[in-house]
Amino acid sequence: MRAIRFDQFGGTEVLRLVEAEVPQPGPGEVSIDVAYVGINFADLKARSVGYRVESLPFVPGLELSGRIRAVGAGVEGLVAGQEVAAMTEGGAYADVALAPADTVFPLPEGVSLRTAATLPTVLPTAHALIHEVGRLQPGESVLVQGAAGGVGTVAGQLAKLAGAGAVYGVVSSGAKADYARKHGYDDAFLTGTFDADVLRATGGRGVDLALDPVGGETLRRGLESLALFGRLVSYGNASGEAAWQVGQGELYPRGRTVSGFSILGLAAGDPRALREIADRALRLATSGQVELPVTAEFALEEAAAAHELMEGRTSTGKLLLRVS
């Protein structure tokens, strides 16, 4: 079978199309004939700095759609030929991939394989950020960093569905600001001035909930953009900056809180909780209430070009690899 692999960390030039053996599922696993793969920023971090890479060589890819090829011992409720979406621990950039049965989700009727590849990590992540961790209440205001990306596109829509009073996005360009407004944001601000823009838009009050995948200085500025008793949820460190320390001086005076979330951490630590969140999130997708546009699609052998597009920070929505 074909696979995209890297043998060392570096730029997109380390991604190679290779022939590999078809993997066989072990106990509690399924093998899947891959149709589409969702590209995530974590894939770029894996390739460049070894994020969540236990050993080399490594085949990246954390989410996919396709048809079950075989099931391992002890797997119940999944059968060969079934159309599914799945989260993996790597290995999705291939004709056949393995996934833990706990993170394989049969597709609801009416969801295509192409659409399904956009859902496994993005939709549950956005749902958890708004509901389970962020605990958004009707009438509250929300600030979302990376509003034109995959999670950001969905988070804005989920916040609106939850009754948010105002939903603001933070983006890196005017074109992305237009995209965010088109997909449900009341307004979108540029990265360099977002904290001042938030205070202006809220009459100096700040927002009730801020979602941050960037980390570093951006996280600090987001914390300062919170209203009295505001909440910030950190779910990434895309900036690559050193972890920012928060303490009594930043939190006590205005009763602010900081929480964290990782969809991959939840998948490893409590897959049952992940499945419950995913089931709730997938129902929103099948109902048509939430849309995540696929803005670019690449063949498997074009994985390097897909990474270059995402690294250029000009892409919006979701990027896919088309496998079969």
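A salt bridge is counted here where a side-chain nitrogen of Lys or Arg lies within 4 Å of a carboxyl oxygen of Asp or Glu. By that criterion, the structure, which is a predicted model, holds 20 salt bridges. A few of these pairs are worth walking through one at a time.

Asp7 and Arg16 form one such pair, with the closest N and O atoms 2.6 Å apart. Asp7 is partly exposed, its relative accessible area being 35%. Arg16 is likewise partly exposed, with a value of 39%. Another pair is made by Arg67 and Glu83, whose closest N and O atoms are 2.9 Å apart. Arg67 belongs to strand 4 and Glu83 to strand 5 (residues 83-87), so this salt bridge ties together parts that are 16 residues apart in sequence. Arg67 counts as partly exposed at 41% relative accessibility, and Glu83 is partly exposed with a relative accessible area of 31%.

The side chains of Glu297 and Arg322 also meet in a salt bridge, at 2.8 Å from N to O. Here Glu297 sits in strand 14 (residues 294-299) and Arg322 in strand 15 (residues 318-322), so the pair connects parts that are 25 residues apart in sequence. Glu297 is partly exposed at 28% relative accessibility, and Arg322 is partly exposed at 36%. Beyond these pairs, Arg2, Asp95 and Glu301 are joined into one network by salt bridges that share partners.

Attention now turns to the aromatic side chains. A pair of aromatic rings is described by the distance of the centres and the angle of the planes. A search of the whole structure finds three aromatic pairs. In one of them, the ring centres of Phe6 and Phe9 are 6.1 Å apart and the planes stand at 55 degrees, so the pair is tilted. Phe6 is buried, with a relative accessible area of 0%, whereas Phe9 is partly exposed, with 37%. Phe6 also pairs with Phe58: the centres of these rings are 5.6 Å apart and the planes lie at 50 degrees, which makes this pair tilted because only angles over 60 degrees count as edge-to-face and those under 30 as stacked. The pair of Phe6 and Phe58 links distant parts of the chain, 52 residues apart. Phe6 is found in the loop between strand 1 (2-5) and strand 2 (16-19), and Phe58 in the loop between helix 1 and strand 4. At 13% relative accessibility, Phe58 counts as buried. Together, Phe6, Phe9 and Phe58 form one aromatic cluster.

The loop that holds Phe58, between helix 1 and strand 4, has further features of the backbone to look at. Most residues other than glycine have a negative phi, and most peptide bonds are trans. Against that background, a cis peptide bond joins Leu56 and Pro57, with omega about -5 degrees. Pro57 lies in the loop between helix 1 and strand 4 (63-71). Arg52 is in the loop between helix 1 and strand 4 too, and has a positive phi of about 60 degrees although it is not a glycine. Arg52 is partly exposed, with a relative accessible area of 46%. A positive phi, of about 65 degrees, is also seen at Phe229, again not a glycine. Phe229 is placed in strand 12 (residues 226-234) and is exposed, with a relative accessible area of 56%.

Helix 1, which precedes the loop just described, is also part of a helix packing. Two packed helices are described by the angle between their axes and the distance between the axes. The axes of helix 1 (residues 41-49) and helix 11 (residues 303-311) come within 10 Å and cross at roughly 105 degrees. Angles of 65 to 115 degrees count as roughly perpendicular, and helix 1 and helix 11 are therefore roughly perpendicular to each other. On the side of helix 1, Phe41, Asp43, Leu44 and Arg47 make the contact, while helix 11 contributes His307, Met310 and Glu311. Sorted by character, the residues of this contact divide into three nonpolar, one polar and three charged.

How values were computed:
Residues are numbered from 1 along each chain as its sequence is written. This is a predicted model: local features need pLDDT of at least 70, side-chain atom pairs count only at pLDDT 80 or more; totals for chains, interfaces and linings use all residues. Side-chain values use heavy atoms; hydrogens and water are left out. Axes are lines fitted to C-alpha atoms, for helices over the stretch in contact, and angles run from 0 to 180 degrees between N-to-C directions. Helices (H or I, at least four residues) and strands (E, at least two) are DSSP runs, numbered from the N terminus. Angles under 35 degrees count as roughly parallel, over 145 as roughly antiparallel, 65 to 115 as roughly perpendicular and the rest as oblique. Contact means heavy atoms within 4.5 Å. Ala, Val, Leu, Ile, Met, Phe, Trp, Tyr, Cys and Pro count as nonpolar, Asp, Glu, Lys and Arg as charged, and the others, Gly among them, as polar. Buried means under 20% relative accessible area, exposed over 50%, partly exposed in between (1.4 Å probe, protein chains only). Rings of Phe, Tyr and Trp (its six-membered ring) pair if their centres lie within 6.5 Å; planes under 30 degrees apart count as stacked, over 60 as edge-to-face and the rest as tilted.
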